[in-house]
Amino acid sequence: MSSNTFSRRDFLKSAGLTALGMALTACVPAAPTLLGVTVPPKAEEKPAEEATPKAVTISWWNQFSTPICQEMFPRIVGDFEKLYPWITVDFEISGGPPGGGNYIEVLLSRIAAGNPPDTATLWTPPVQFAARGALVAIDEMMRGARWAKPGAFYEKPLRSCQWRGETYGLPSSAGPGCIFINTAQFEEKGVSTNREDFPKTWDEVKELSAKFVVWEDGALKHAGLIPWESSWLYPLWSNLNGGKLFDIENERYVLNSEQNTEWLNYWVQWLDDQYGGDIEQLNLYGPWGDVYPESAFQLQLCSMAQSGSWAVTDAEIPFAWEVVRFPWGPSGSKSLTAFWPNWWVIPKGSPHPTEGFLFIEYLCTKGWETWYTAVMDTPAWKDFSPDILTQKLVDTVGLERAKEIHAFFAAYLEDAIDMWNSPIEDFANDTLGSAIDEILHKTKMPAEALKEAQDLCQAKLEETLKGV
């Protein structure tokens, strides 16, 4: 779901998660033996009566609550139940677990107690749960799947569901990040609005940004690009400079690398050169983040801003815009993107893992075709039909332009980075965010702040993995 409408990163309290993780290790029963998945009939066929399996009711937990969710998900579930008439899905769209309470805490408690729901939707990475033994691995079921076979999803979004060589969930959406530009303001400056002409390197984009910066009587009146305003894109900026935050192959953090130090020094210099060098004062001049209503971008106080594919329709930008790829840094070599998924999982101890898999497979493939007509959450499924478009986008920009925008984001996912793949993802995100805040406030130099963040994250990771 969009970052404006939903809190996708419903951050886990790290201490509570660790404690619950210990409880999971002690209390969760062994996973049921997984013997593969019943091959579903074709959509247009009904299964022969004699071949119909025994009727089953499965439970699905989620945090969805908005009117569009209350309209679309019952429709998608209904389509699933028609395709698999022996399966009934018990669910509600009320924003949390049945009976209320903190979604993550209640879910983990139920897993630890051995009575979890059959399926659940997560807005925080599955790896955090998988590394603690809280989810069912689905690789065997994927091999027998109709739509969700290995290789059916974009590589990096699926890798966000994998831990130590096994897959613990499926991504439905994987909205890529991008830069939005105000085309009228570009044209006023004589700057091309063709996507292919957008600058390719940080130096070139910084130079372009300077063209739009306006100071009057010591106050900032207009900005170009303020690159540090979207924290979910921090892993991307590291990768754009040839770095990374977490080395999943070696299960270690690498925050204090030379590439990351160079990246954050670059931002400090950008702050000094274009925005007065005082981050607090800069923040008083405008709400620089994203492209939603009341943002500096929508108020036309800056000419470029970062967001994700969902904002194309969700933000309802009231003027002409274009979306472009990110530039790369001094130590980088190509344009990359980040992504923001929804994840669908089977909790450990699920009473019906086979039927649960059929459900999450459908939601993340054919069901997402229905969802996408209403909400532009870019699919993570590679076999998604390019002819299925978000109707709101078509109504706004026309059919051909809508097809082109959809194709842009689908192609950009091929250049996505590895992210959302650490057992302490939320703790590390918060820790890095605090370090960058110190750097931009100039209370610490980049090398010092990154070293401290590195030590904290690595220690937390090692502590977490001791119980695995």
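A residue is termed buried when its relative accessible area is under 20%, exposed when this area is over 50%, and partly exposed in between (1.4 Å probe, protein chains only). By this criterion Ser 257, with a relative accessible area of 16%, is buried. The structure is a predicted model, in which local features need pLDDT of at least 70 and side-chain atom pairs count only at pLDDT 80 or more, while totals for chains, interfaces and linings use all residues. Residues are numbered from 1 along each chain as its sequence is written, and side-chain values use heavy atoms, with hydrogens and water left out.

Ser 257 is placed in the loop between β10 (252-253) and α10; helices (H or I, at least four residues) and strands (E, at least two) are DSSP runs numbered from the N terminus. A polar atom of the Ser 257 side chain lies 3.2 Å from the backbone nitrogen of Asn 260. This separation falls under the definition of a polar contact (a pair of N or O atoms within 3.5 Å; within protein, one must be able to donate a hydrogen and the other to accept it, and residues adjacent in sequence count only if both atoms are side-chain atoms). Between the C-alpha atoms of Ser 257 and Leu 245, which are twelve residues apart along the chain, the separation is 8.7 Å.

Thr 337 occupies the loop between β12 and β13 (339-345) and is buried, with a relative accessible area of 0%. Its side chain reaches the backbone oxygen of Gly 177 at 2.8 Å. Ile 104, in helix α3 (residues 103-113), is likewise buried, at a relative accessible area of 6%. The C-alpha atoms of Ile 104 and Gln 63 are separated by 9.9 Å, although their positions lie 41 residues apart in the chain count.

The largest nonpolar core (a set of buried Ala, Val, Leu, Ile, Met, Phe, Trp, Tyr and Cys residues joined through side-chain atoms within 4.5 Å) has 155 residues, of which Phe 73, Leu 170, Phe 180, Trp 228, Tyr 275 and Phe 357 touch the most other members. Helix α10 (residues 258-275) gives this core its largest share, eight residues. Phe 357 also belongs to the buried residues of α13, among them Glu 355 and Glu 361. Helix α13 (residues 353-363) is mostly covered, with eleven of its eleven residues buried.

Salt bridges (a side-chain nitrogen of Lys or Arg within 4 Å of a carboxyl oxygen of Asp or Glu) number 17 in the structure. One of them joins the side chains of Arg 195 and Glu 322 (2.8 Å, N to O). Arg 195 lies in the loop between α7 (183-188) and α8 (202-212) and Glu 322 in strand β12 (residues 321-324), so the pair ties together parts that are 127 residues apart in sequence. Both Arg 195 and Glu 322 are buried. These two residues are linked with Arg 401 and Glu 404 in a network of salt bridges.

A salt bridge also forms between the side chains of Lys 392 and Glu 316 (2.7 Å, N to O). This pair links distant parts of the chain, with Lys 392 in helix α15 (residues 391-397) and Glu 316 in the loop between α12 (311-314) and β12, 76 residues apart. Lys 392 is partly exposed at 34% relative accessible area, whereas Glu 316 is exposed at 52%. Within helix α18 (residues 446-466), Lys 451 and Asp 455 are four residues apart, about one turn of the helix, and their side chains meet in a salt bridge (2.7 Å, N to O). An α-helix has 3.6 residues a turn, so residues three or four places apart point the same way. Lys 451 is partly exposed, with a relative accessible area of 41%, and Asp 455 is partly exposed at 40%.

The largest pocket holds about 350 Å³ of space. On a 1 Å grid over the protein atoms alone, a pocket is an open set of points where a 1.4 Å probe fits, with protein on both sides within 12 Å along at least five of seven lines, and lining residues have an atom within 4 Å of a point. The lining comprises 28 residues, of which Asn 239, Ile 417, Asp 418, Met 419 and Asn 421 lie nearest the centre of the pocket. Two or more lining residues come from each of α6 (155-159), α9 (234-240) and α17 (425-440), and α17 supplies the largest share, four residues.

How values were computed
Grid points are joined across faces, edges and corners, and a volume is the space filled by probe spheres set on the points.
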